[in-house]
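Open the model in your viewer and keep the sequence panel beside it. The tour below moves from the whole chain to single residues, one selection at a time.

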Amino acid sequence: AAIERGQHRPKQEVILNFKAWESYECRIDVQPDGFVLIGDPLHQEGISLQDRLFEVNNQLATVGRELARKNRELAQSEARYRHLAASVPGIVFATSPDGYTEYISPQWYSYTGADSDSGLGAEWLDWVHPEDRNDVWQKWQASVRTGASFEVEFRLRDANGNYRWFLTRCVPPPDDTLRSWSGACIDIHERKLVRERLEQTAAELVERSEELTRSNQDLQHFTYAVSHDLQEPLRSITAFMQLLSRKYENQLEDQAKEYIREAT
(Lines give C-alpha, C1' and ligand atoms only; values in the text may rest on other atoms or scores of the structure.)
Protein backbone atom coordinates (compact mmCIF):
# COMPACT_ATOMS: atom_id res chain seq x y z
CA ALA A 1 0.00 0.00 0.00
CA ALA A 2 1.24 3.52 -0.76
CA ILE A 3 2.16 5.57 2.29
CA GLU A 4 1.75 9.34 2.01
CA ARG A 5 4.63 11.01 3.84
CA GLY A 6 4.44 14.47 5.30
CA GLN A 7 0.89 14.04 6.69
CA HIS A 8 -0.05 12.69 10.13
CA ARG A 9 -2.52 9.89 9.54
CA PRO A 10 -2.42 7.56 12.56
CA LYS A 11 -3.43 3.93 12.76
CA GLN A 12 -3.53 3.05 9.08
CA GLU A 13 -4.15 -0.56 8.15
CA VAL A 14 -1.48 -1.68 5.71
CA ILE A 15 -0.04 -4.91 4.32
CA LEU A 16 3.72 -5.00 3.87
CA ASN A 17 4.90 -7.37 1.14
CA PHE A 18 8.57 -8.41 1.14
CA LYS A 19 8.20 -11.31 -1.28
CA ALA A 20 5.34 -12.88 -3.13
CA TRP A 21 4.91 -15.44 -0.34
CA GLU A 22 5.79 -13.22 2.65
CA SER A 23 3.43 -10.52 3.87
CA TYR A 24 2.48 -8.92 7.18
CA GLU A 25 -0.77 -7.30 8.09
CA CYS A 26 -0.15 -4.57 10.62
CA ARG A 27 -1.19 -1.17 11.93
CA ILE A 28 1.13 1.80 11.66
CA ASP A 29 1.26 5.42 12.75
CA VAL A 30 2.36 7.56 9.81
CA GLN A 31 4.89 10.25 10.78
CA PRO A 32 6.33 13.10 8.65
CA ASP A 33 9.64 11.24 8.38
CA GLY A 34 8.31 7.68 8.09
CA PHE A 35 6.02 5.45 10.09
CA VAL A 36 5.89 3.70 13.47
CA LEU A 37 4.50 0.22 14.00
CA ILE A 38 1.63 -0.19 16.39
CA GLY A 39 2.34 -3.58 17.89
CA ASP A 40 4.70 -6.11 16.40
CA PRO A 41 2.86 -8.90 14.56
CA LEU A 42 4.58 -12.19 13.98
CA HIS A 43 4.94 -13.90 10.64
CA GLN A 44 3.51 -17.40 10.37
CA GLU A 45 7.07 -18.68 10.76
CA GLY A 46 7.50 -16.74 14.01
CA ILE A 47 9.57 -13.91 12.52
CA SER A 48 9.02 -10.51 14.14
CA LEU A 49 8.08 -7.75 11.74
CA GLN A 50 10.57 -5.47 13.48
CA ASP A 51 13.27 -8.08 12.87
CA ARG A 52 12.18 -8.45 9.28
CA LEU A 53 12.28 -4.67 8.75
CA PHE A 54 15.71 -4.54 10.37
CA GLU A 55 16.89 -7.33 8.05
CA VAL A 56 15.48 -5.54 5.02
CA ASN A 57 17.14 -2.28 6.09
CA ASN A 58 20.48 -4.10 6.31
CA GLN A 59 19.93 -5.58 2.86
CA LEU A 60 19.01 -2.16 1.47
CA ALA A 61 22.13 -0.68 3.04
CA THR A 62 24.24 -3.40 1.41
CA VAL A 63 22.56 -2.76 -1.92
CA GLY A 64 23.08 0.96 -1.44
CA ARG A 65 26.78 0.50 -0.77
CA GLU A 66 27.10 -1.72 -3.87
CA LEU A 67 25.26 0.84 -5.99
CA ALA A 68 27.51 3.58 -4.67
CA ARG A 69 30.58 1.49 -5.55
CA LYS A 70 29.27 0.83 -9.05
CA ASN A 71 28.44 4.51 -9.49
CA ARG A 72 32.00 5.42 -8.48
CA GLU A 73 33.39 2.89 -10.97
CA LEU A 74 31.05 4.23 -13.66
CA ALA A 75 32.16 7.79 -12.94
CA GLN A 76 35.82 6.76 -13.12
CA SER A 77 35.22 4.90 -16.38
CA GLU A 78 33.40 7.90 -17.83
CA ALA A 79 36.22 10.21 -16.74
CA ARG A 80 38.77 7.93 -18.43
CA TYR A 81 36.65 7.90 -21.60
CA ARG A 82 36.40 11.69 -21.63
CA HIS A 83 40.16 12.02 -21.04
CA LEU A 84 40.85 9.59 -23.89
CA ALA A 85 38.41 11.41 -26.18
CA ALA A 86 40.10 14.72 -25.36
CA SER A 87 43.54 13.32 -26.31
CA VAL A 88 42.47 12.07 -29.77
CA PRO A 89 43.52 14.34 -32.70
CA GLY A 90 39.98 14.60 -33.94
CA ILE A 91 36.41 15.22 -32.80
CA VAL A 92 34.94 12.28 -30.88
CA PHE A 93 31.21 11.99 -30.30
CA ALA A 94 28.51 9.61 -29.08
CA THR A 95 24.87 9.52 -30.12
CA SER A 96 21.67 8.03 -28.81
CA PRO A 97 19.91 5.23 -30.77
CA ASP A 98 17.71 7.82 -32.49
CA GLY A 99 20.82 9.48 -33.95
CA TYR A 100 21.01 12.62 -31.81
CA THR A 101 24.37 13.60 -30.33
CA GLU A 102 24.67 13.09 -26.57
CA TYR A 103 28.39 13.82 -26.15
CA ILE A 104 30.98 15.68 -28.20
CA SER A 105 34.65 16.11 -27.25
CA PRO A 106 36.34 19.46 -26.46
CA GLN A 107 37.99 19.51 -29.90
CA TRP A 108 34.59 20.43 -31.34
CA TYR A 109 34.45 23.67 -29.34
CA SER A 110 38.08 24.61 -30.02
CA TYR A 111 37.58 24.05 -33.77
CA THR A 112 34.15 25.66 -34.21
CA GLY A 113 34.50 28.32 -31.52
CA ALA A 114 30.96 27.41 -30.47
CA ASP A 115 29.52 27.81 -26.99
CA SER A 116 29.38 24.98 -24.50
CA ASP A 117 26.72 22.31 -25.23
CA SER A 118 26.42 23.39 -28.86
CA GLY A 119 26.60 20.62 -31.42
CA LEU A 120 24.43 18.30 -29.33
CA GLY A 121 21.21 16.83 -30.65
CA ALA A 122 21.14 17.77 -34.34
CA GLU A 123 22.75 21.22 -33.91
CA TRP A 124 26.04 19.96 -35.38
CA LEU A 125 24.39 20.21 -38.82
CA ASP A 126 24.49 24.01 -38.53
CA TRP A 127 28.29 23.85 -38.97
CA VAL A 128 28.16 21.56 -42.04
CA HIS A 129 28.56 23.26 -45.44
CA PRO A 130 25.10 24.04 -46.91
CA GLU A 131 25.95 22.09 -50.08
CA ASP A 132 26.78 18.97 -48.04
CA ARG A 133 24.14 19.26 -45.31
CA ASN A 134 21.17 17.47 -46.88
CA ASP A 135 23.25 14.57 -48.20
CA VAL A 136 24.98 14.09 -44.82
CA TRP A 137 21.69 14.11 -42.91
CA GLN A 138 19.99 11.68 -45.30
CA LYS A 139 22.89 9.23 -45.07
CA TRP A 140 23.02 9.58 -41.29
CA GLN A 141 19.30 8.88 -40.93
CA ALA A 142 19.64 5.85 -43.23
CA SER A 143 22.43 4.45 -41.02
CA VAL A 144 20.37 5.01 -37.88
CA ARG A 145 17.38 3.33 -39.50
CA THR A 146 19.25 0.30 -40.86
CA GLY A 147 21.97 -0.04 -38.22
CA ALA A 148 24.71 0.18 -40.87
CA SER A 149 28.00 1.96 -40.21
CA PHE A 150 28.13 5.61 -41.25
CA GLU A 151 31.02 7.07 -43.24
CA VAL A 152 30.97 10.31 -45.20
CA GLU A 153 33.18 13.25 -46.17
CA PHE A 154 31.88 16.79 -45.73
CA ARG A 155 33.03 20.35 -45.10
CA LEU A 156 32.86 21.74 -41.57
CA ARG A 157 32.98 25.44 -40.66
CA ASP A 158 35.72 26.57 -38.27
CA ALA A 159 35.76 29.48 -35.82
CA ASN A 160 36.88 31.89 -38.57
CA GLY A 161 34.06 30.94 -40.93
CA ASN A 162 36.29 28.87 -43.23
CA TYR A 163 35.41 25.34 -44.28
CA ARG A 164 37.69 22.32 -44.08
CA TRP A 165 37.09 18.76 -45.24
CA PHE A 166 36.45 16.10 -42.58
CA LEU A 167 36.01 12.35 -42.77
CA THR A 168 33.38 11.12 -40.30
CA ARG A 169 32.91 7.52 -39.25
CA CYS A 170 30.33 6.23 -36.78
CA VAL A 171 29.54 2.63 -35.81
CA PRO A 172 26.51 1.19 -34.00
CA PRO A 173 26.95 -0.56 -30.62
CA PRO A 174 28.20 -4.15 -30.98
CA ASP A 175 25.50 -5.59 -28.70
CA ASP A 176 22.62 -4.69 -26.42
CA THR A 177 24.94 -3.87 -23.49
CA LEU A 178 25.72 -0.50 -25.09
CA ARG A 179 23.10 1.94 -26.30
CA SER A 180 25.22 4.71 -27.80
CA TRP A 181 26.77 4.95 -31.23
CA SER A 182 30.42 6.04 -31.23
CA GLY A 183 32.14 8.08 -33.91
CA ALA A 184 34.93 10.48 -34.82
CA CYS A 185 35.57 13.33 -37.28
CA ILE A 186 39.09 13.52 -38.71
CA ASP A 187 40.48 16.55 -40.58
CA ILE A 188 41.42 15.40 -44.12
CA HIS A 189 41.50 18.84 -45.74
CA GLU A 190 45.12 18.74 -46.99
CA ARG A 191 44.79 15.12 -48.09
CA LYS A 192 41.54 15.96 -49.87
CA LEU A 193 43.16 18.84 -51.78
CA VAL A 194 46.12 16.64 -52.77
CA ARG A 195 43.76 13.92 -53.93
CA GLU A 196 41.75 16.40 -55.99
CA ARG A 197 44.93 17.73 -57.60
CA LEU A 198 46.05 14.19 -58.39
CA GLU A 199 42.65 13.38 -59.88
CA GLN A 200 42.81 16.56 -61.97
CA THR A 201 46.34 15.71 -63.14
CA ALA A 202 45.28 12.16 -63.97
CA ALA A 203 42.34 13.50 -65.98
CA GLU A 204 44.67 15.86 -67.85
CA LEU A 205 47.07 12.98 -68.56
CA VAL A 206 44.22 10.86 -69.90
CA GLU A 207 43.11 13.73 -72.13
CA ARG A 208 46.70 14.27 -73.33
CA SER A 209 47.08 10.56 -74.01
CA GLU A 210 43.90 10.57 -76.05
CA GLU A 211 45.21 13.55 -78.03
CA LEU A 212 48.49 11.72 -78.69
CA THR A 213 46.58 8.66 -79.81
CA ARG A 214 44.55 10.73 -82.24
CA SER A 215 47.74 12.45 -83.46
CA ASN A 216 49.47 9.10 -84.03
CA GLN A 217 46.47 7.85 -85.95
CA ASP A 218 46.51 10.96 -88.13
CA LEU A 219 50.25 10.49 -88.71
CA GLN A 220 49.73 6.86 -89.67
CA HIS A 221 47.02 7.86 -92.12
CA PHE A 222 49.28 10.55 -93.60
CA THR A 223 52.22 8.14 -93.90
CA TYR A 224 50.04 5.56 -95.63
CA ALA A 225 48.70 8.19 -98.04
CA VAL A 226 52.19 9.51 -98.86
CA SER A 227 53.54 6.01 -99.29
CA HIS A 228 50.67 5.12 -101.58
CA ASP A 229 51.05 8.31 -103.62
CA LEU A 230 54.83 7.75 -104.08
CA GLN A 231 54.53 4.16 -105.30
CA GLU A 232 53.40 5.01 -108.87
CA PRO A 233 56.09 7.63 -109.71
CA LEU A 234 58.77 5.40 -108.22
CA ARG A 235 57.64 2.50 -110.37
CA SER A 236 57.78 4.83 -113.42
CA ILE A 237 61.33 5.93 -112.58
CA THR A 238 62.41 2.33 -112.15
CA ALA A 239 60.87 1.35 -115.49
CA PHE A 240 62.58 4.19 -117.36
CA MET A 241 65.91 3.32 -115.78
CA GLN A 242 65.54 -0.27 -116.92
CA LEU A 243 64.64 0.89 -120.45
CA LEU A 244 67.64 3.21 -120.48
CA SER A 245 69.93 0.44 -119.34
CA ARG A 246 68.70 -2.09 -121.94
CA LYS A 247 68.57 0.30 -124.94
CA TYR A 248 71.87 2.03 -124.41
CA GLU A 249 73.73 -0.69 -122.58
CA ASN A 250 76.52 -0.92 -125.24
CA GLN A 251 76.95 2.83 -125.37
CA LEU A 252 77.25 3.48 -121.68
CA GLU A 253 80.45 3.55 -119.77
CA ASP A 254 80.84 1.44 -116.66
CA GLN A 255 80.40 4.45 -114.40
CA ALA A 256 77.12 5.34 -116.11
CA LYS A 257 75.87 1.81 -115.67
CA GLU A 258 76.77 2.07 -111.94
CA TYR A 259 74.74 5.27 -111.66
CA ILE A 260 71.71 3.53 -113.22
CA ARG A 261 71.97 0.64 -110.80
CA GLU A 262 72.21 3.06 -107.85
CA ALA A 263 69.22 5.01 -109.10
CA THR A 264 67.18 1.86 -109.64
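## The whole chain

Of the 264 residues in the protein chain, 25% are buried. This is a predicted model. Colour by secondary structure: the protein chain holds 5 helices and 8 strands. Their order along the sequence is β-β-β-α-β-β-α-α-β-β-β-α-α.

Switch to a surface. The protein chain exposes about 18,800 Å², and carbon and sulfur atoms supply 53% of that area. Now turn to contacts with a separation of 6 or more. Residues 24 or more positions apart make up 33% of these in the protein chain.

## Stop 1: the aromatic cluster

Show the aromatic side chains. The whole structure contains 6 aromatic pairs. Select Tyr100 and Trp137. These two rings pair edge-to-face, with 6.3 Å between centres and 65 degrees between planes. The pair links distant parts of the chain, 37 residues apart. Tyr100 sits in the loop between strand 4 (91–95) and strand 5 (101–104), while Trp137 belongs to helix 3 (residues 130–146). Is Tyr100 buried or exposed? Neither label fits: Tyr100 is partly exposed, at 37% relative accessibility.

Keep Trp137 and add Trp124. Here the ring centres are 6.4 Å apart and the planes meet at 50 degrees, so this pair is tilted. Edge-to-face would need over 60 degrees. Trp124 lies in the loop between helix 2 (106–112) and helix 3, and Trp137 in helix 3, so the pair ties together parts 13 residues apart in sequence. Trp124 is buried, with a relative accessibility of 12%. Show the three together: Tyr100, Trp124 and Trp137 form one aromatic cluster.

## Stop 2: the cavity

Leave Trp124 on screen and turn on cavity display. How many cavities of 30 Å³ or more does the whole structure have? The search finds 1. The largest cavity has a volume of about 160 Å³. Its lining counts 14 residues. Select those nearest its centre: Phe93, Thr101, Trp124, Thr168 and Cys185. Strand 4, strand 5 and strand 6 (150–157) are the elements that give two or more residues to the lining of the largest cavity.

Pick Thr101 out of that group. Thr101 lies in strand 5 and is buried, at 9% relative accessible area. Beyond its neighbours within four places in sequence, Thr101 contacts Phe93, Ala94, Thr95, Gly119, Leu120, Gly121 and Trp124. Phe93 and Trp124 thus appear twice on this stop: both are among the residues nearest the centre of the largest cavity, and both are in contact with Thr101.

## Stop 3: Trp127

Go next to Trp127, in the loop between helix 2 and helix 3. Trp127 is buried, with a relative accessible area of 11%. Which residues does Trp127 touch, not counting those up to four places away in sequence? They are Trp108, Thr112, Ala114, Ser118, Gly119, Arg155, Leu156, Arg157 and Tyr163. Put a distance label on Arg157. The C-alpha atoms of Trp127 and Arg157 are 5.2 Å apart, across 30 residues along the chain.

## Stop 4: Ser143

Return to helix 3 and select Ser143. Ser143 is buried, at 7% relative accessibility. Leaving out neighbours within four places in sequence, Ser143 is in contact with Ala148, Ser149, Phe150 and Trp181.

## Stop 5: Asp187 and a charge over a ring

Move on to strand 8, the place of Asp187. Asp187 is partly exposed, with 35% relative accessibility. Apart from neighbours within four places in sequence, Asp187 contacts Arg164, Trp165 and Phe166. Draw a line to Arg155 as well. Asp187 and Arg155 are 32 residues apart along the chain, and their C-alpha atoms are separated by 9.5 Å.

Trp165 deserves its own view. Add Lys192: its charged end sits over the Trp165 ring, 4.3 Å from the ring centre.

## Last stop: Pro173

Finish in the loop between strand 7 (163–171) and strand 8 (181–187), where Pro173 is found. Pro173 is partly exposed, at 25% relative accessible area. Buried would mean under 20%. Then add Pro97. Pro173 and Pro97 are 76 residues apart in sequence, with 9.1 Å from C-alpha to C-alpha.

Methods
Residues are numbered from 1 along each chain as its sequence is written. This is a predicted model: local features need pLDDT of at least 70, side-chain atom pairs count only at pLDDT 80 or more; totals for chains, interfaces and linings use all residues. Side-chain values use heavy atoms; hydrogens and water are left out. Helices (H or I, at least four residues) and strands (E, at least two) are DSSP runs, numbered from the N terminus. Buried means under 20% relative accessible area, exposed over 50%, partly exposed in between (1.4 Å probe, protein chains only). Contact means heavy atoms within 4.5 Å. Accessible areas come from the Shrake-Rupley method with a 1.4 Å probe; for residues, only the protein chains shown count as cover. Rings of Phe, Tyr and Trp (its six-membered ring) pair if their centres lie within 6.5 Å; planes under 30 degrees apart count as stacked, over 60 as edge-to-face and the rest as tilted. A charge sits over a ring if NZ of Lys or CZ of Arg is within 6 Å of the ring centre and within 35 degrees of the ring normal. On a 1 Å grid over the protein atoms alone, a cavity is a set of points where a 1.4 Å probe fits but cannot get out, and a pocket is an open set with protein on both sides within 12 Å along at least five of seven lines; lining residues have an atom within 4 Å of a point. Grid points are joined across faces, edges and corners, and a volume is the space filled by probe spheres set on the points.
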